[in-house]
Amino acid sequence: SAKDYTVIYSKNVSIGTAVVTVKGIGNYSGSLQTTFKIIPKQVTGLKQSTIKTTSVISLSWNKVAGASGYEIYRATSKNGTYVRVKYQSAAAYKNTGVKAGAQYYYKVRAYKTINKTKVYGSYSQVIAGITLPKAPSLKVSADTSAIKITWNKVLGCKGYDLYMATSKNGTYKRITSAKSNSSSYKKTGLSTGKVYYFKARSYYVNPSGKKIYSEYSKIVGGMKIPKAPSLKATTKSDSVKITWNKIAGCVGYEIYMSETENGTYKKIAATSANVVSYNKTALRSNKTYYFKIRSFVKDSSGNKKYSAYSAVKAATTKQENPLVGEWTIDVGTTTQLNNKDLYAQFGSDIKYGYGMTFKENMTFDYFIAKEYGGTGDYKLNGNQIVYTLQLTQGGTESGVLQYSQDDGTIMMDLYGYK
């Protein structure tokens, strides 16, 4: 019965050791003294602050009245082994040096130091703390059909979101969401000669199913490589004319030449996008030259991005034709002819002086008098000119003329005169 004893408490308000004395009264005498501990309250309100970095987890909690400080414990799994990582007086903690994209588990307890001895409260509830995953680092390469974006794999992430824009500071739209084991993506359907911009971010999924994203990667630009043109060649004795198909979206073309197929090719010309031919002159006759070409576009910095080289085109200049040009009939011989058969046949106003005009296309014009001449075909076989002539006055004539390479003359036989 409470009438038989009294209870006296001392030091029972603050954290530490409290004393209880029970003293008998009335029919009872004597007293009994015992102690018990008053511990700090359990830490409440433990939470992670806004997730902002890849290497720091910031925690905070409610202060516990009367506590000297707090001990923070961490584990890599919720039910794993917890290791004390810090003890301090503040009700906030920054765990630095943690891995990017990692998840850790934390619990905290308050303590009171009394006579150099710590009196601990109960552990807080366990919470998960996470860091941002690292942002991937992008690279771009291209061919004629697509731009290929590659990135480094980010440890611990669950996937990547890739974004594209048509200007560096424009609106970026997500073009794909890739799994964690992916490290590249090919973007097709793009225009040649246009720069496209890309950025990406990695993510993982927290226990509640929410995606936690990294910062965006640095923006990279890329453009499709133009196609290589196809070459054609036409030749003369001293020149080669190169033509090629126009490549959509390119800015221009560069033409290269070598005197051997596998030799050193030197750039001989560059043209704009709307020029699709080039005439290389001052070449030697009857010699083979080798040509190749590539198209190019320019990126946002003005740097050229080249197509592959075209297939090599071999072109052999024609053998130089010594006959091309106008040939004069010797005046002395013509005068003799005039005084003889020609004068008698055509009259005193006959035309003479130029007898033949040989052309590069292996045709020639011929006249010896006002109404006597024609047009024909010829070919040069050594010192012989084999010809077929359509006469102005009707009919055809075929024959062989003698050409002297030594003195550059053609011998004709007209009415017995040479």
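What follows is a chat about how some labels on this predicted model are earned.

Me: To start, what makes up the secondary structure of the protein?
Reply: The protein has 2 helices and 34 strands. Of its 418 residues, 38% count as buried. The accessible surface comes to about 24,100 Å², and carbon and sulfur atoms hold 46% of that.

Me: Why is Val-275 called partly exposed?
Reply: Its relative accessibility is 32%. Buried would need under 20% and exposed over 50%, so Val-275 lands in between and counts as partly exposed.

Me: Where is Val-275 found?
Reply: Look in the loop between β23 (266-272) and β24 (277-280). Leaving aside neighbours within four places in sequence, Val-275 is in contact with Trp-244 and Tyr-253. Its C-alpha atom is also separated by 8.2 Å from that of Lys-246, which is 29 residues apart from Val-275 along the chain.

Me: What makes the Trp-244 and Tyr-253 pair tilted?
Reply: Two values settle it. The ring centres are 5.5 Å apart, and the limit for a pair is 6.5 Å, so this counts as an aromatic pair. The planes are 55° apart; stacked needs under 30 degrees and edge-to-face over 60, so tilted is what remains. Both residues are buried.

Me: Why is the pair of Phe-358 and Phe-364 called stacked, then?
Reply: Here the centres are 5.5 Å apart and the angle between the planes is 25°. That angle is under 30 degrees, so the pair counts as stacked. Phe-358 and Phe-364 are both buried, and they form one aromatic cluster with Tyr-378 and Tyr-387. A search of the whole structure finds 13 aromatic pairs.

Me: Which residues have the most contacts inside the largest nonpolar core?
Reply: Trp-244 and Phe-291, in a core of 23 residues. The elements giving two or more residues to this core are β14 (159-165), β21 (240-244), β22 (252-258) and β25 (288-298). The largest share, 4 residues, comes from β25. Leaving aside its neighbours within four places in sequence, Trp-244 is in contact with residues including Pro-229, Leu-231, Ile-255, Val-276 and Ile-293. There is also a second, separate core of 17 residues, with Val-43, Leu-59, Ile-72 and Tyr-104 among them.

Me: How do you know that strand β5 pairs with β8?
Reply: Count the bridges. There are 5 of them joining β5 (residues 56-60) to β8, and pairing takes at least two, so the two strands pair. They run antiparallel, and Val-56 stands opposite Thr-96 in β8.

Me: What makes β4 and β8 edge strands?
Reply: Each of them pairs on one side only. The open sheet has 3 strands in the order β4-β5-β8, with antiparallel pairing.

Me: How do you know that Lys-107 lies over the face of Tyr-82?
Reply: Lys-107 is at 4.5 Å from the ring centre. The distance cut-off is 6 Å, so that part of the test is met. The charged end of Lys-211 also sits over a ring, that of Tyr-203, 4.2 Å from its centre.

Me: Which share of the contacts with a separation of 6 or more comes from residues 24 or more positions apart?
Reply: That share is 55% in this protein.

Definitions and conventions
Residues are numbered from 1 along each chain as its sequence is written. This is a predicted model: local features need pLDDT of at least 70, side-chain atom pairs count only at pLDDT 80 or more; totals for chains, interfaces and linings use all residues. Side-chain values use heavy atoms; hydrogens and water are left out. Buried means under 20% relative accessible area, exposed over 50%, partly exposed in between (1.4 Å probe, protein chains only). Contact means heavy atoms within 4.5 Å. Accessible areas come from the Shrake-Rupley method with a 1.4 Å probe; for residues, only the protein chains shown count as cover. A nonpolar core is a set of buried Ala, Val, Leu, Ile, Met, Phe, Trp, Tyr and Cys residues joined through side-chain atoms within 4.5 Å. Rings of Phe, Tyr and Trp (its six-membered ring) pair if their centres lie within 6.5 Å; planes under 30 degrees apart count as stacked, over 60 as edge-to-face and the rest as tilted. A charge sits over a ring if NZ of Lys or CZ of Arg is within 6 Å of the ring centre and within 35 degrees of the ring normal.
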